[in-house]
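Here is a short report for a reader meeting this structure for the first time. Please keep the sequence and the model in view while reading.

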Amino acid sequence: MTQTLCRRMAKALMRHAARVMPAREKNWGEAMQNELQVIEDDQVALNWAVGCVIAGYGERMNTLLQTWYARAALALLIGMLALREFFAPLLIFAYRTQELGLAHFLGLRTAGDDYRRLIPLMDATPAWLPLLWVAAGLLFLVALWRMLRRMDGSVVLFFLAFALDLAGAVAAKSIEASTSVIATPNLMVRAAGEVLMLSTGFVLWRMTRKSGLS
Amino acid sequence: MGRRPIFSSQTDRLLAVLIKEPQVWQHGYALMKQTGLQSGTLYPVLVRLSDQGLLEAEWRDADKPGRPRRHVYRLTPAGLAFAREKIAPARKKIGAMLGAKA
């Protein structure tokens, strides 16, 4: 790569970085762009420009995360994660208390569309495991409430709930192995749930980090 | 709830450089060289400190004709007090770290 090409790439990247900066931070984009003129070394200039593009997108993302619709979307996601934690305990509760109408209704939302497929699994589930999931769900809800109220600690609570969910998943896996009944046979669906949870936690962390909360 | 400063090792390093000569206006590139931070890390920290009223920034005409104006930075009185109160205990350690790197 020639130095001239390096410099041209740096300038193009800097123009891009200045463009992606949020409107209220345009002067910061100009500030970064103007520094490029005093950097003599082309390779250093290119590194500088790449860093500025990253900074530009980071600022853009931070600004986006402070909008009401981003907060609403995140709140919806966390709410869904909480409901997901309550699903299995509710199904087990319905089955054990012989609320079969409710069990049938919930069973339609499971793989196989029938709760009866899961009876061996529910029989083998110890009482503490649904309580663990309920605790995870409650922690998600408290994290959600604290996020909406812009209070400290939402991220910690979220990841505590995530840890409980993971612990529950590990325990459930051993029960599945012993009963040969798999609650969610599709591995992609299982993985998607965990990825969604982690991604939501990351976005929550970014959102609260911007406003100085934790 | 008001905004609180975000603590990070990068912020510490920047504050450690800025309180060395608090009256001196510094350019972004010079700060990058002194702190060892990349531009992608440095500018978000500068923006954050400025948002929190701890850093002041202004435009200065370039030394050489034909070059664009440059942004310069220094700590505000509040930023200086904050840096002295919060960062000073760690300053020696960070200074030693930067010295070792240089």
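The report covers confidence, the sheet, the contact between chains, the cores and selected residues.

**Basis and confidence**

This is a predicted model, in which local features need pLDDT of at least 70 and side-chain atom pairs count only at pLDDT 80 or more, while totals for chains, interfaces and linings use all residues. Residues are numbered from 1 along each chain as its sequence is written, and chains are lettered from A and ligands numbered from 1 in the order in which they are written.

The pLDDT is the predictor's confidence in each residue, from 0 to 100. Chain A averages 90, and 96% of its residues score at least 70. Chain B averages 83, with 77% of the residues at 70 or above. Residues 1-5 of chain B have a pLDDT below 50, and this stretch has 10 contacts in the model beyond near neighbours in sequence. Two residues are in contact if their C-beta atoms, placed from the backbone, lie within 7 Å. The model scores ipTM 0.77 and pTM 0.67.

Helices (H or I, at least four residues) and strands (E, at least two) are DSSP runs, numbered from the N terminus. Among the elements of chain A, helix 9 (residues 187-210) has the lowest mean pLDDT, 85. Helix 7 (residues 128-148) of chain A has the highest, 95.

**Chain B and its sheet**

Chain B holds four helices and three strands. From the N terminus on, they run α-β-α-α-β-β-α. Of the 102 residues of chain B, 32% count as buried. A residue is buried if 20 or more other C-beta atoms lie within 10 Å of its own, exposed if 12 or fewer, and partly exposed in between; C-beta atoms are placed from the backbone. Among contacts in chain B between residues at least 6 apart in sequence, 58% join residues at least 24 apart.

How are the strands of chain B ordered in the sheet? The order is 1-3-2, in an open sheet of three strands with antiparallel pairing. Strand 1 and strand 2 of chain B are the edge strands, and each pairs on one side only. Two strands pair if DSSP finds at least two bridges between them. Strand 1 (residues 26-27) and strand 3 of chain B share two bridges. Strand 2 (residues 55-60) and strand 3 of chain B share six. The table gives some residues that stand opposite each other.

| Residue | Opposite residue in strand 3 of chain B |
|---|---|
| B:His27 | B:Val72 |
| B:Glu58 | B:Val72 |
| B:Leu55 | B:Leu75 |

**Where the chains meet**

The contact takes 19 residues from chain B and 20 residues from chain A. On the chain B side, helix 2 (28-35), helix 3 (39-51) and strand 3 (70-75) each supply at least two residues. Helix 3 of chain B gives the largest share, five residues. By class, the side of chain B that touches chain A has eight nonpolar, six polar and five charged residues. Here Ala, Val, Leu, Ile, Met, Phe, Trp, Tyr, Cys and Pro count as nonpolar, Asp, Glu, Lys and Arg as charged, and the others, Gly among them, as polar.

**Cores**

A nonpolar core is a set of buried Ala, Val, Leu, Ile, Met, Phe, Trp, Tyr and Cys residues joined through C-beta atoms within 7 Å. The largest has 36 residues, and A:Met14, A:Ala17 and A:Ala49 have the most contacts inside it. Both chains contribute: among the elements that each supply at least two residues are helix 1 of chain A and helix 3 of chain B. Outside its neighbours within four places in sequence, A:Met14 touches A:Met32, A:Gln33, A:Leu36, A:Ala49 and A:Cys52. Another core, of 28 residues, lies apart from the largest and includes A:Ala161 and A:Met197.

**Helix 7 and two residues of chain A**

At 1.5 Å times one less than its number of residues, the 21 residues of helix 7 of chain A should span 30 Å, and the end C-alpha atoms are 30 Å apart, which agrees. Buried residues of this helix include A:Trp133, A:Leu139 and A:Met147. A:Arg150 follows helix 7, with a positive phi near 55 degrees.

A:Phe140 sits in helix 7 of chain A. Why does A:Phe140 count as buried? Because 29 other C-beta atoms lie within 10 Å of A:Phe140. Leaving aside its neighbours within four places in sequence, A:Phe140 has contacts including A:Ile78, A:Leu81 and A:Phe158. The C-alpha atoms of A:Phe140 and A:Phe158 are separated by 5.6 Å.

A:Cys6 lies in helix 1 (residues 3-20) of chain A. A:Cys6 counts as partly exposed because it has 18 C-beta neighbours inside 10 Å. A:Cys6 and A:Asp42 are 36 residues apart in sequence, yet 5.9 Å apart in space, C-alpha to C-alpha.
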